[in-house]
Amino acid sequence: MEQRGRKPGREPRCWFVFLLVWDVLWSAASAQIRYSLYEEGQEGAVVGNIAKDLGLDKGALKNRGYRIVAGASEPPFQVNENDGNLYLKRRIDREEVCERTSPCLINLKTVLENPLEIHYVAVEILDINDNSPVFPEKEKRLEISESALPGARFQLQAARDPDVGQFSIQQYILSINEYFRVEVKDRGEDRKVPFLILQKQLDRETAAKHKLRLTATDGGKPVKSGDIEIIVDVLDVNDNSPVFMKDSYATTIKENVPVGTVVIQVNASDLDQGANSEIVYSFGNEVDSKLEELFSIDENTGEIKVTGEIDFEKGKTYELDIQASDRGPVPLTTDKSVIIKVIDVNDNAPEIEVTSFSSFIKEDSKTGTTVALISVSDLDSGTNGKVICTIKQNVPFTLSPSLQENMYAVVTTSLLDREKCFQYDVTVIAKDTGDPPYSTEKTICIVVSDVNDNSPEFVLTPYTFYITENNSPGAVVFSVKAFDHDDGENSVISYHILRDTNSGNKLSSFLNINSENGDILALKSFDFETLKTFQFQVVATDSGTPPLSNNVTVNVFILDQNDNAPVILYPLSSNGSAEGVEEIPRNVNAGHLVTKVRAYDADIGYNGWLLFSLQEVTDHSLFGLDRYTGQIRTLRSFTETDEAEHKLVILVKDNGNVSLSATATVIVKLVEPKEAFAASDVKSAAKIDEEDNVTFYLMITLGAVSLLFLISVIVLIAMQCSKSADYTSKYLQETNYDGTLCQSIQYRSGDKRYMLVGPRMSIGSTIVPGSHANTLVLPDRRRTSGEVRHI
């Protein structure tokens, strides 16, 4: 690392060199791109053009939402969506990223959101010679017995160079001397261990100490090096080193074995005697401290035991340097390597990662629509790391495998309906094939978003409403209500009245509707005597795009109020009062018909039911009045003492809640029979004219009422035909005309019979509780369902 500040002229290349080697593996859902660059590159350097290598236009990355999926740490790269280049965000030190791993790859997972694609980008970090070999110590002191024979080997501390490949340590050079040479043992993974080899037997008396310099060099251009000073102290006596019983030691253990398990036992012997032959076992000086946390060796027996957690995923093979030393005054040591291979067991559950996820999906999405992309992994190996993925619930989703191993897409298997189910909890199960198997579950929540696929529905169809005449203009008279199964704006309903000018229905123009709640207002006051029934249509429209609508027919019946006073038809009215003169002979018998008061009320039902009564009479014993027909008859024969002229005031009133009335005055004159006959000839002619006029007015009145009644009957028949058999009606005009205009209509609704009476109900009808205004509830005398009786 101390050469990072060298000038550019010292190498025939720049600080960094980008080598682009790309190989696009295209499939329906994924692709892979590979780039290379040297470490220590400048920030902002271009690594490669993503858009070009994916075969996309520059603008496509931005339009399709291209992004790098960040993992636990932020990647040192960024993509410019405008020009499609992959840029370096910060300097990269290969030794920090990968240590001694080669090749050093940084894998990026990238996603095109619309349509959904996943691409893998691998960036290889190439090494530069930016580190020099370094020895752990500046000085190494060795004690070698003078009895050591030529060829004796002494392991030295290896120098460390974080660089790899040709930039790692290539050779060791020992300073020139006649006693020692250096020999290097290559242990792979750029590990070269130097050994000091005795070439000539030492003589302490000649030289008690030797100073040597060991230099480690790498393969860079220019070469970088590091050195250590070796001081050899020559000791006397013990001239036999321990010898191991085997040339090599190797064993296997399963991961997760209990602490204290004996892995292997090494054994060495020494030909010396006494203390010089006693063997002490230990780890070599170069054993990594992490290995000493996992294993221990018994110095007396040579048993190697497990002291930490053995994890196959952290280390598959361990190489331990073992030393066997005697207890001589100058101990002799022999080195040996022990290879320990770890066997994998199924101790890791699969992991599920949701790479891309759309939490909302429209209910009209096509079958096969992708909702999410997931990837599964298992740290175990072999069958223990093979993962099978399934979906747990019975939901309209399935897993579609990708060409990329252990990549799946969650797709729909059928059409969705938000009105049946608006949310799905999809549980993905990843299960390995180990023994025993491990499984992992991950649940994703998918919300079905609404589309406008339901028309508004009215609560009733059709609607039937009854309005009492003389209603207040501008007041709410009734209301319609509709609902929509959709959600949000798609369920917001507005109302309006269908106004068809071509149909001739002008009454809808006198109505208005609240577009938000369906309340209907009458803009005018209705008159039962002018209008008895009408219908119109209300349209309910939702706020979706495009909007959907539905309509309903509203039938309206006007109910009568007692707003018309009786009209006296005979005697004829003049100057605001009705008065007539009747002359009868004195010799008439009891029961003689004097005259008949005729009256008419424009109301119907109880409101038009007229009753006659004598309000004023000169002699109650002479005349009687039929309260229903208005006939005035004599109660007895006249005597000589009876007055010649009698005044009768008749009160005619209807049967409304607040009765309205009219009065008529009849003057009865008693004449002698001869005068009566003479006057009768003159009067008969006048009476004929009078009766003709009365008859003419009665015919006009009956014709108008009959026409209105006939229209009402036709409308009711049409309505009843469209309803169920339990809501049928028959109509018959009352033919019993006895001085007032009488008519009645009967119809049935459910288990009740109703009768519309106007203006006077037949005397024989029975009134039961529930009757009001012009509608009477009659006792049910029907023999079969749907039978209607006439009055």
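User: What makes strand 17 and strand 24 count as paired, and in which sense do they pair?

Analyst: In this predicted model, strand 17 and strand 24 (residues 333–343) are joined over 6 bridges in the parallel sense, and because two strands pair if DSSP finds at least two bridges between them, these strands count as a pair. Strands here are DSSP runs (E, at least two residues), and helices are runs of H or I with at least four residues, both numbered from the N terminus. Within this pair, Thr-252 stands opposite Lys-341 of strand 24.

User: Which residues make up the covered face of strand 17?

Analyst: The covered face of strand 17 (residues 249–254) holds Tyr-249, Thr-251 and Ile-253, whereas Ala-250, Thr-252 and Lys-254 lie on the uncovered one. In a regular strand, the side chains alternate between the two faces of the sheet.

User: Why is the contact between Arg-34 and Glu-124 called a salt bridge?

Analyst: A salt bridge needs a side-chain nitrogen of Lys or Arg within 4 Å of a carboxyl oxygen of Asp or Glu, and the side chains of Arg-34 and Glu-124 meet at 3.1 Å, N to O, so the term applies. Arg-34 lies in strand 2 (residues 30–38) and Glu-124 in strand 8 (residues 117–126), so the pair ties together parts that are 90 residues apart in sequence.

User: Why is Glu-124 called buried or exposed?

Analyst: Buried means under 20% relative accessible area, exposed over 50%, and partly exposed in between (1.4 Å probe, protein chains only); Glu-124 has 17% and is therefore buried, while Arg-34, with 32%, is partly exposed.

User: How do you know whether Cys-445 is in a disulfide?

Analyst: A disulfide is a pair of cysteine sulfur atoms within 2.5 Å, and a search of the whole structure finds 0 of them. For Cys-445, the nearest cysteine sulfur is that of Cys-421, 9.9 Å away, and Cys-445 is in no disulfide.

User: What is the average pLDDT of the protein, and where does pLDDT stay under 50?

Analyst: The predictor's confidence in each residue, pLDDT, runs from 0 to 100; the protein averages 79, and 82% of the residues score at least 70. Residues 723–752 are one stretch where pLDDT stays under 50.

User: What rules lie behind these values?

Analyst: Residues are numbered from 1 along each chain as its sequence is written, and side-chain values use heavy atoms, with hydrogens and water left out. Because the model is predicted, local features need pLDDT of at least 70 and side-chain atom pairs count only at pLDDT 80 or more, while totals for chains, interfaces and linings use all residues.

How values were computed
Contact = heavy atoms within 4.5 Å.
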